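Have your viewer ready and the whole chain on screen. We will begin with charges, step back for the overall picture, and then walk along one helix from end to end.

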Amino acid sequence: MQRLLQLYYKYQDVLAYLIFGGLTTLVNLVVFYVTATLWGWNYQVGNVWAWFLSVLFAYLTNRVWVFHSHFTTTKALFSEVVSFFLARGATLIMDMAIMWAGVTLLQQNEMLTKLVDQVVVVLANYFFSKWFVFKKNKASSVNEQN
């Protein structure tokens, strides 16, 4: 039992990211399905709406339950939000490129392409968040307290 607890504590950020990343992906897929399939919007327009709503959800869950970010000033919060959205903006470009290649070039099903696309995007988002967004801001929050 002790070994299981050690493994849990060692990988708790990854496990939390898998759970909340899965929920974020679900938000993304549902919004994409509703906008592109049910409402008949252009798949790229639906993709951007799905991105925006899922990024809002992801920021809140990642900040609190995955990376346990604590900021001490409004400036630190603003910096964290901007960094998060910029990093996610980079993966939005990847997302749109994969969707364009899959749907427009390869003539594949929109939802199937979106599912494959989300695997790549979720992995990229984790590394951007871990290495650039929340790690940097934790260090700057510590410096601001000193």
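Start by colouring the charged side chains: there are 10 positive and 6 negative ones, and the centres of the two sets lie 11 Å apart. Keep in mind as you look around that this is a predicted model.

Now switch to a cartoon view of the chain. You should find four helices and zero strands, so the order from the N terminus reads α-α-α-α. Turn the chain along its principal axes, and its C-alpha atoms fit a box of roughly 55 × 45 × 25 Å.

Next, show the surface. About 8,800 Å² of the chain is accessible, and carbon and sulfur atoms supply 73% of that area. Of the 146 residues, 36% are buried. If you display contacts with a separation of 6 or more, 72% of them join residues 24 or more positions apart.

Then select residues 43-66, which form helix α2. How far apart are its end C-alpha atoms? They are only 30 Å apart, although a straight helix of 24 residues would reach 34 Å at 1.5 Å a residue.

Stay with this helix and zoom in on its N-terminal end, where Asn 42 acts as the cap. Look for the side-chain oxygen of Asn 42, which lies 2.7 Å from the backbone nitrogen of Gln 44.

For the last stop, travel to the other end of the helix. Just after α2, select His 68 and check its backbone: phi is positive here, at about 50°.

Definitions and conventions. Residues numbered from 1 in each chain as written. Predicted model: local features only at pLDDT ≥ 70, side-chain atom pairs only at ≥ 80, totals over all residues. Heavy atoms only, no water. Helix = DSSP H or I, 4+ residues; strand = E, 2+ residues; numbered from the N terminus. Buried < 20%, exposed > 50% of the residue type's maximum accessible area, 1.4 Å probe, protein only. Contact = heavy atoms within 4.5 Å. Areas by Shrake-Rupley, 256 points an atom, 1.4 Å probe, with all protein chains shown as cover. Lys, Arg positive; Asp, Glu negative; His and termini not counted. Charge placed at Lys NZ, Arg CZ, Asp CG, Glu CD. Expected span 1.5 Å × (residues − 1). Polar contact = N/O pair within 3.5 Å; in protein donor to acceptor, adjacent residues only side chain to side chain.
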